[in-house]
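Hi everyone, thanks for coming. Today I'd like to walk you through one small puzzle at a time, so please have a look at the screen.

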Amino acid sequence: MISTPFEEDHKATQRRYPLCPKCKTELDNRISRGFLVKNVLFFLPLKRYICYKCQRKRYVFH
Ligand SMILES: [Zn+2]
């Protein structure tokens, strides 16, 4: 099997988790969204994560 540069690039850019905008830590801890987002902003592709490094809950667009 010959691995092409394209495949390498694809693997490198593939990311499972969003990054914290502040400390660039992977946000791999999803938490349930707040009442407002769940009931009012439910049409937005928002996901809520918690960053344990800066102790902040963040909404991330997907
Ligand atoms: Zn952070």
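Let's start with this: which residue in β2 is the bridge partner of C51? The partner is R56. Keep in mind as we go that this is a predicted model.

Now let's step back to the whole chain. The protein chain holds two helices and two strands. If you follow the sequence from start to end, you read α-α-β-β. The two helices are α1, residues 5-13, and α2, residues 35-39. The two strands are β1, residues 46-51, and β2, residues 56-61.

How do the strands run, parallel or antiparallel? They are antiparallel, and six bridges join β1 to β2. We have already met the pairing of C51 with R56. Another pairing brings L46 together with F61 in β2. Here is a general point to remember: in a regular strand, side chains alternate between the two faces of the sheet.

Next, the turn. The hairpin of β1 and β2 has four residues between the strands. Two of the residues to look at here are C54 and Q55, both placed in the loop between β1 and β2. Q55 isn't a glycine, yet its phi is positive, near 55°. In general, most residues other than glycine have a negative phi. Is Q55 buried or exposed? Q55 counts as exposed because it has 7 other C-beta atoms within 10 Å, and the cut-off for exposed is 12 or fewer.

Which other residue has a positive phi without being a glycine? Try K24, with a phi of about 65°. K24 sits in the loop between α1 and α2. K24 is exposed too, because 9 other C-beta atoms lie within 10 Å of its own.

Back to C54, which I think is a fun one to follow. C54 has 12 C-beta neighbours inside 10 Å, so C54 counts as exposed. Which residues does C54 contact, once we leave aside neighbours within four places in sequence? The answer is C20, K22 and C23.

Let's pick K22 out of that list. K22 belongs to the loop between α1 and α2. Along the sequence, C54 and K22 are 32 residues apart, while their C-alpha atoms are 8.1 Å apart in space. K22 also has C51 at 9.6 Å, C-alpha to C-alpha, with 29 residues apart in sequence. K22 is exposed, because it has 11 C-beta neighbours inside 10 Å.

The loop between α1 and α2 has one more residue for us, R33. Leaving out residues up to four places away in sequence, R33 touches K38, L46 and R48. You may remember L46 as the bridge partner of F61. R33 and R58 are 25 residues apart along the chain, with 9.9 Å between their C-alpha atoms. R33 counts as partly exposed because 17 other C-beta atoms lie within 10 Å; a residue needs 20 or more to be buried.

To finish, two numbers for the whole chain. What share of the 62 residues is buried? Buried residues make up 3%. And of the contacts between residues at least 6 apart in sequence, 31% join residues at least 24 apart. Thanks for listening, and I'm happy to go back to any part of the picture!

Conventions: Residues numbered from 1 in each chain as written. Predicted model: local features only at pLDDT ≥ 70, side-chain atom pairs only at ≥ 80, totals over all residues. Contact = placed C-beta atoms within 7 Å. Pairing = 2+ DSSP bridges.
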